Amino acid sequence: MNFHQQPVSYVESLTLKVLDLPGMSRFYTDVLGFELLEQKNSETILGAGGKEILVLQHSPEFAAKAGRYAGLYHFAVLLPDRKELGKMLLHLHEQRIPIGSSDHQVSEALYLSDPEGNGIEIYRDRAPEEWEWRGDQVHMTVDPLDVQEVAQASNGKKWSGMPAGTVLGHIHLHVSDLQAAHDFYTGAIGFDLVANLGNQALFVSDGNYHHHIGLNIWNGTGIPALPDQAAGLGHYVIRVADEQAQQAMRDRLQVYGAKVRMDGAALETADPSGNRIRILTA
């Protein structure tokens, strides 16, 4: 099953508010290999295989955030297979980019930050048949990654950028209240709770994916929303199957008490921590 196409609801793209648009654009194209889809004076649109994944926006009013806020913990780029992950691993090593890594049992992941401190995960999924479900909860680990095996999976092929088939696999957010986040994302958005890390983090998804959205309180409870003029997460996009699914989500959001508005074809809202969301139909 493809967990990033209809009829599944999934996270498709995100927008980052940045301080240095030329520098950040170069990082994401030259270092990480995103395809430049469109370049404007105050915006860069990036993707893979012609599909939008990341938008960088700049305004002279943006300033570096100071303090702890809700917002982006990391966004996760899903590569098509282990071979591509191996090629990326070797490329990042050659570029001398500091990276972390982990084996999550459902996936193998590399971790890094962009020049403005936004967290990035680059990963590949194991086959769903290899995931271990314990009732309605998927078992995920934080084991050491077998870096040598992943590197060998490249089969000596050179990295040549983000391959076609690359998508935004998931997004992981800092929130101010984990219970409120749970109620919003399961009750109003309609995702299923698929993993719970004590009282620190939880993971939700549609269609039995291991997670489309991660939520944590590692920045502290009661943290404020990211200010409008602070660099960081602008908003992210959830893609739903059709207008009926969008309307159902709008109805649930209104019952929940969330503020909603239509901006053209996009349904706009925000979670209880102020993380902004645009909901689009396929």
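Me: In what sense do strand 15 and strand 18 pair, and over how many bridges?
Reply: Happy to start there, with the reminder that this is a predicted model. Strand 15 covers residues 232-240 and strand 18 covers residues 276-281. Within these strands, tyrosine 236 stands opposite isoleucine 277 of strand 18. The two strands pair in the parallel sense, over five bridges.

Me: Which strands are the edge strands of the open sheet?
Reply: Eight strands make up this sheet, with mixed pairing, in the order 2-3-4-1-15-18-17-16. From one strand to the next, the twist averages 25°. An edge strand here pairs on one side only, and that holds for strand 2 (35-39) and strand 16 (261-263).

Me: At about what angle to strand 18 does helix 5 run?
Reply: Helix 5 spans residues 243-256. Strand 15, strand 16, strand 17 (266-270) and strand 18 are the ones it lies across. Relative to strand 18, helix 5 runs at about 150°.

Me: Is histidine 211 buried or exposed?
Reply: Let's look at its surroundings: histidine 211 sits in the loop between strand 13 (201-205) and strand 14 (213-216). Leaving aside neighbours within four places in sequence, its contacts are Met140, Gly169, His170, Phe203, Val204 and Ser205. Its relative accessible area is 8%, and buried means under 20%, so histidine 211 is buried.

Me: With which side chains does the side chain of histidine 211 make a polar contact?
Reply: One polar contact, of 3.0 Å, goes to the side chain of histidine 210. Another, of 3.2 Å, joins histidine 211 to the side chain of histidine 170. The partners are therefore histidine 210 and histidine 170.

Me: Why are the buried residues of helix 4 on the same side?
Reply: Good one to reason through: in helix 4 (residues 178-188), the buried residues are Leu178, Ala181, Phe184, Tyr185 and Ala188. An α-helix has 3.6 residues a turn, so residues three or four places apart point the same way. The buried residues of helix 4 lie on the same side because they cover an arc of only 155° around the axis.

Me: Which residue follows helix 4 with a positive phi?
Reply: At the start of helix 4, a side-chain oxygen of aspartate 177 comes to within 3.0 Å of the backbone nitrogen of glutamine 179. After the helix comes a residue with phi near 95°, and that residue is glycine 190.

Me: Which residues touch the most other members of the largest nonpolar core?
Reply: This core has 60 residues, and another core of 13 residues, among them Phe3 and Trp131, lies apart from it. Leucine 32 has contacts including Phe27, Met88 and Trp159. The residues asked for are Tyr28, Leu32, Phe75, Tyr185 and Ile213.

Methods: Residues are numbered from 1 along each chain as its sequence is written. This is a predicted model: local features need pLDDT of at least 70, side-chain atom pairs count only at pLDDT 80 or more; totals for chains, interfaces and linings use all residues. Side-chain values use heavy atoms; hydrogens and water are left out. Two strands pair if DSSP finds at least two bridges between them. Helices (H or I, at least four residues) and strands (E, at least two) are DSSP runs, numbered from the N terminus. Axes are lines fitted to C-alpha atoms, for helices over the stretch in contact, and angles run from 0 to 180 degrees between N-to-C directions. Contact means heavy atoms within 4.5 Å. Buried means under 20% relative accessible area, exposed over 50%, partly exposed in between (1.4 Å probe, protein chains only). A polar contact is a pair of N or O atoms within 3.5 Å; within protein, one must be able to donate a hydrogen and the other to accept it, and residues adjacent in sequence count only if both atoms are side-chain atoms. The arc is that of the directions from the helix axis to the C-beta atoms. A nonpolar core is a set of buried Ala, Val, Leu, Ile, Met, Phe, Trp, Tyr and Cys residues joined through side-chain atoms within 4.5 Å.
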